[in-house]
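Trainee: I am new to this structure and would like a close look at a single part. Could you take me slowly through the sheet, strand by strand, and then show me what else is worth comparing with it?

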Amino acid sequence: MKASVNHPVYGEIQYEENVWSGKKTITVNGIAAPSVAKNTFSIGETNAQLSGSAFGGASLLINGESIVLIPKTKWYEWLLAVLPLAFIMMWGNNPALCAVFPVIGGAIGGGIGGLFMALSMFSIKKTDSLIKKTLIGLGMLLLTALTGFVLAILFISVLA
């Protein structure tokens with residue numbers, strides 16, 4: 001995930017975090033800031049402390065000034081992102097509900113729910129519009145339900 005902030009003193013600060021490895025890089029005005037420690041970067045003659053992550057919100061502390069690189073995740077963003085996992089874990093593990101609309105549960109369902117939860121959060125953090133965030137969350141919930149349904153039907157047909 002990438003973020004860019006224009007600062008009046010330091011110029012353009014770009015933050016990039018690899019979602020898979022967790023590696024974080026900072027560039028200031030197109031020049032890579034060398035890493036001094038795990039979350040400490042050298043910017044000019046000063047050291048900057050990076051706190052947070054791409055999903056929870058990230059900020060850079062330079063000379064006592066906190067620069068927000070990625071805003072903190074709001075409660076409704078967490079709620080929208082958790083919907084796929086909550087749905088699959090509650091619906092897929094309830095035999096009465098699965099009799100009405102079969103959805104795979106257990107470890108496979110949890111993996112599917114977790115995957116769509118991560119995709120949902122990643123997509124939600126890329127937009128600023130509340131309507132788009134809501135549509136993304138509900139869309140991921142629908143994709144989770146359809147994927148869980150298709151896998152449940154496949155398992156039922158194989159076992160029958």
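Mentor: What follows begins with the sheet and then turns to a pair of helices and a pair of rings. Please keep in mind throughout that this is a predicted model.

The sheet is open and has 5 strands, which follow the order 5-6-7-8-9 with antiparallel pairing. Strand 5 (35-37) and strand 9 (65-70) stand at the edges, and because each has a single partner strand, one side of each is left without a neighbour in the sheet. From one strand to the next, the twist averages 30 degrees.

Starting at the edge formed by strand 5, we find that strand 5 and strand 6 (residues 40-43) run antiparallel and are joined by 2 bridges. Ser 35 has Phe 41 of strand 6 as its bridge partner, while Ala 37 stands opposite Thr 40 in strand 6. The connection between strand 5 and strand 6 is a hairpin that passes through 2 residues.

Moving on across the sheet, strand 6 is joined to strand 7 (residues 46-53) by 4 bridges, and these two strands again run antiparallel. Here Ile 43 stands opposite Thr 46 in strand 7. The hairpin of strand 6 and strand 7 has 2 residues between the strands, and in this hairpin Gly 44 takes a positive phi near 70 degrees.

Beyond the sheet, the axes of helix 1 (residues 75-91) and helix 3 (residues 106-124) come within 8 Å and cross at roughly 165 degrees; the two helices are therefore roughly antiparallel to each other. The crossing in which helix 1 passes helix 3 is right-handed. Among the residues that make the contact are Trp 78, Leu 85 and Ile 88 of helix 1, together with Gly 109, Gly 113, Phe 116 and Met 117 of helix 3. Sorted by class, this contact of helix 1 with helix 3 has 12 nonpolar, 6 polar and 1 charged residues.

Finally, the structure holds 4 aromatic pairs. One of them is formed by Phe 101 and Phe 149, which are stacked, at 4.9 Å centre to centre and with 10 degrees between the planes. Phe 101 lies in the loop between helix 2 (95-100) and helix 3, whereas Phe 149 lies in helix 4 (residues 130-159), so the pair ties together parts that are 48 residues apart in sequence.

Key
Residues numbered from 1 in each chain as written. Predicted model: local features only at pLDDT ≥ 70, side-chain atom pairs only at ≥ 80, totals over all residues. Heavy atoms only, no water. Pairing = 2+ DSSP bridges. Axes fitted to C-alpha atoms, helices over the stretch in contact; angles between N-to-C directions. Parallel < 35°, antiparallel > 145°, perpendicular 65-115°, else oblique. Left-handed = near helix turned anticlockwise from the far one by under 90°. Contact = heavy atoms within 4.5 Å. Nonpolar A, V, L, I, M, F, W, Y, C, P; charged D, E, K, R; others polar. Phe/Tyr/Trp six-rings, centres within 6.5 Å; stacked < 30°, edge-to-face > 60°.
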